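User: Please take a close look at one strand of this model and explain how it sits among its neighbours. A plain account in connected prose would suit me.

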Amino acid sequence: MSSVYLMISKYLKPLAEVDAAREDHLTFLAGLEERGLSVTAGRQEPAVGGIILLDVDTEAEAHELIAQDPYVQRGLAEYTATGWHPTRGALAGYQRVRP
């Protein structure tokens, strides 16, 4: 069974500052998706941060990847990592697929 890491962010700056860097952040996410490293991602409601579900082997790898996020590099957000083994629902039995 594959594990994934929930990367949960908290915005550190006002939403207007975060949104000014959003296009760069979305480009970063697209790159993760192209490499098969991101399962899904989205903003929390209310907009206080976001969640990225990374398909990586270790928490260290998750932190290494997320350090490249423009939000992190510009001091706009910080992330916590939570390892997870999906066992029920849409991701039950999730298996890694890399291009």
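Analyst:

**Strand E3 and its surroundings**

Leaving aside residues up to four places away in sequence, Ile52 touches Tyr5, Leu6, Met7, His25, Leu29, Ser38, Thr40, Ala41, Ile66, Asp69 and Tyr79. The model is a predicted one, and the strand to follow in it is E3, which covers residues 50-54. Four of the five residues of E3 are buried, so the strand is largely enclosed by the rest of the structure. Buried here stands for a relative accessible area under 20%.

E3 has a partner in E1, and the two run antiparallel with four bridges between them. Within this pairing, Met7 has Ile52 as its bridge partner in E3. Met7 is also among the residues that Ile52 touches. E3 also pairs with E2, again in the antiparallel sense, over five bridges. Here the bridge partner of Ser38 in E3 is Leu54.

E2 (38-43) and E3 are joined by a hairpin through six residues. Pro46 has its place in that loop between the two strands. The peptide bond leading from Glu45 into Pro46 is cis, and its omega is near 5 degrees.

The side chains of E3 also take part in the interior. In soluble globular proteins, nonpolar side chains tend to be buried together. In this model the largest nonpolar core has 20 residues, and Met7, Leu32, Ile52, Leu54, Val56 and Tyr71 are those with the most contacts inside it. At least two residues of this core come from each of strand E1 (4-11), helix H2 (22-34), E3, helix H3 (59-66) and strand E4 (77-84). Ile52 and Leu54, both on that list of core residues, are thus also the residues named above as bridge partners of Met7 and Ser38.

Past the end of E3, charged pairs come into view. Arg96 and Asp57 form a salt bridge, with their closest N and O atoms 3.0 Å apart. This pair links distant parts of the chain, since Asp57 is in the loop between E3 and H3 while Arg96 is in the segment after E4, 39 residues apart. Asp55, Asp57 and Arg96 are joined into one network by salt bridges that share partners. Arg96 is partly exposed, at a relative accessible area of 29%.

Elsewhere, E1, one of the partners of E3, has a charged link of its own: the side chains of Lys10 and Glu78 meet in a salt bridge (3.8 Å, N to O). Lys10 lies in strand E1 and Glu78 in strand E4, so this pair ties together parts that are 68 residues apart in sequence. Both residues count as partly exposed, Glu78 with a relative accessible area of 40% and Lys10 at 47%.

For the wider setting, the protein chain has four helices and four strands, and along the sequence they follow the pattern β-α-α-β-β-α-α-β. The radius of gyration is 13 Å, close to the 13 Å that the globule rule gives for 99 residues, so the chain is as compact as a globular protein of that length. Buried residues make up 35% of the 99 residues. Of the contacts with a separation of 6 or more, 73% are between residues 24 or more positions apart.

Conventions
Residues numbered from 1 in each chain as written. Predicted model: local features only at pLDDT ≥ 70, side-chain atom pairs only at ≥ 80, totals over all residues. Heavy atoms only, no water. Core = buried A, V, L, I, M, F, W, Y, C linked by side-chain atoms within 4.5 Å. Buried < 20%, exposed > 50% of the residue type's maximum accessible area, 1.4 Å probe, protein only. Contact = heavy atoms within 4.5 Å. Pairing = 2+ DSSP bridges. Rg over C-alpha atoms; globule rule 2.2 N^0.38 Å. Salt bridge = Lys/Arg side-chain N within 4 Å of Asp/Glu carboxyl O.
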